[in-house]
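Load the model, set a cartoon view, and keep the selection panel at hand. The stops below are given in the order in which they can be selected.

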Amino acid sequence: MREAGYSGEILGSNWQAGRAYSHYANLHSDARVGWIDRHNYFGGGRGGTGKFNAGSMLARAGSGSLSAGLQQVDDRPFMLSEWIHVFPNEWGAEGPAIIGAYGLGLQGWDASFLFQNGDQAAFSKALGAARGM
């Protein structure tokens, strides 16, 4: 890509493959290309169809967005190009605070993009389930 004259940012993938060795092989290949990019979602109930998780990321060490920083590589920029603290959740305000203070502040992440798909039907269904409707 560089030989073709492209001078912009490059990243291999935002995919998080497997566990243990396959995870590290995936992270290594991403680091060889450029930015380390990941996605992270916390809470909710899989579009209102699963068990609803109304917990806090702070309830367990390394939970939710706190786990994303474990995938940083020393000499590479790091970003969460898609993350969300799924609503409705009484702890929803912790999501942006954790990304800002812990991720961008303490861990030195380079970029963060909040994800919202705008699917009003799924949101209404999840909200109804949370209210017991």
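Select strand 1 (36–43) and strand 2 (78–86) together: they pair in the parallel sense over eight bridges. Pairing here requires that DSSP finds at least two bridges between two strands. To check the register, pick N40, which stands opposite W83 in strand 2.

This is a predicted model, in which local features need pLDDT of at least 70 and side-chain atom pairs count only at pLDDT 80 or more, while totals for chains, interfaces and linings use all residues. Residues are numbered from 1 along each chain as its sequence is written, and side-chain values use heavy atoms, with hydrogens and water left out.

Now add strand 3 (111–114). Three bridges join strand 3 to strand 2, and the two run parallel. M79 stands opposite A111 in strand 3.

Zoom out for the whole chain. The protein has three helices and three strands, in the order α-β-β-α-β-α from the N terminus. Helices (H or I, at least four residues) and strands (E, at least two) are DSSP runs, numbered from the N terminus. Of the 133 residues, 34% are buried, where buried means under 20% relative accessible area, with a 1.4 Å probe and protein chains only.

Colour strand 2 by accessibility: seven of its nine residues are buried. Then show the side chains of L27, A31, I36, A68, F78, L80, W83, I99 and W109, the largest nonpolar core. Such a core is a set of buried Ala, Val, Leu, Ile, Met, Phe, Trp, Tyr and Cys residues joined through side-chain atoms within 4.5 Å. Helix 1 (20–33) and strand 2 are the elements that give two or more residues to this core, and strand 2 gives the most, with three.

Centre on F78. Leaving aside neighbours within four places in sequence, F78 is in contact (heavy atoms within 4.5 Å) with W35, I36, R38, A68, Q71, Q72, W109, D110 and A111.

Next, select helix 2 (residues 94–106). Which residues of helix 2 are buried? They are E94, G95, I98, I99 and G103. These residues lie on the same side of helix 2 because they cover an arc of only 130° around the axis, taken from the directions from the helix axis to the C-beta atoms. Strand 1, strand 2 and strand 3 are among what covers them.

Measure the ends of helix 2 as well: its end C-alpha atoms are only 16 Å apart, short of the 18 Å that a straight helix of 13 residues would reach. The expected span is 1.5 Å times one less than the number of residues. G108 follows helix 2 and has a positive phi, near 75°.

With strand 2, helix 2 and strand 3 displayed, trace the right-handed β-α-β unit that they make. Right-handed means that, with the strands pointing away from the viewer, the path from the first strand over the helix to the second runs clockwise.

Two loop residues complete the tour. S65 is in the loop between strand 1 and strand 2 and counts as buried, at 1% relative accessibility. Beyond its neighbours within four places in sequence, S65 is in contact with N40, M57, I98, I99 and W109.

N89 is in the loop between strand 2 and helix 2 and is also buried, with a relative accessible area of 10%. Apart from neighbours within four places in sequence, N89 is in contact with N53, A54 and G55. Finally, draw a C-alpha to C-alpha distance from N89 to G43: 7.4 Å in space, for residues 46 apart in sequence.

Methods: Buried means under 20% relative accessible area, exposed over 50%, partly exposed in between (1.4 Å probe, protein chains only).
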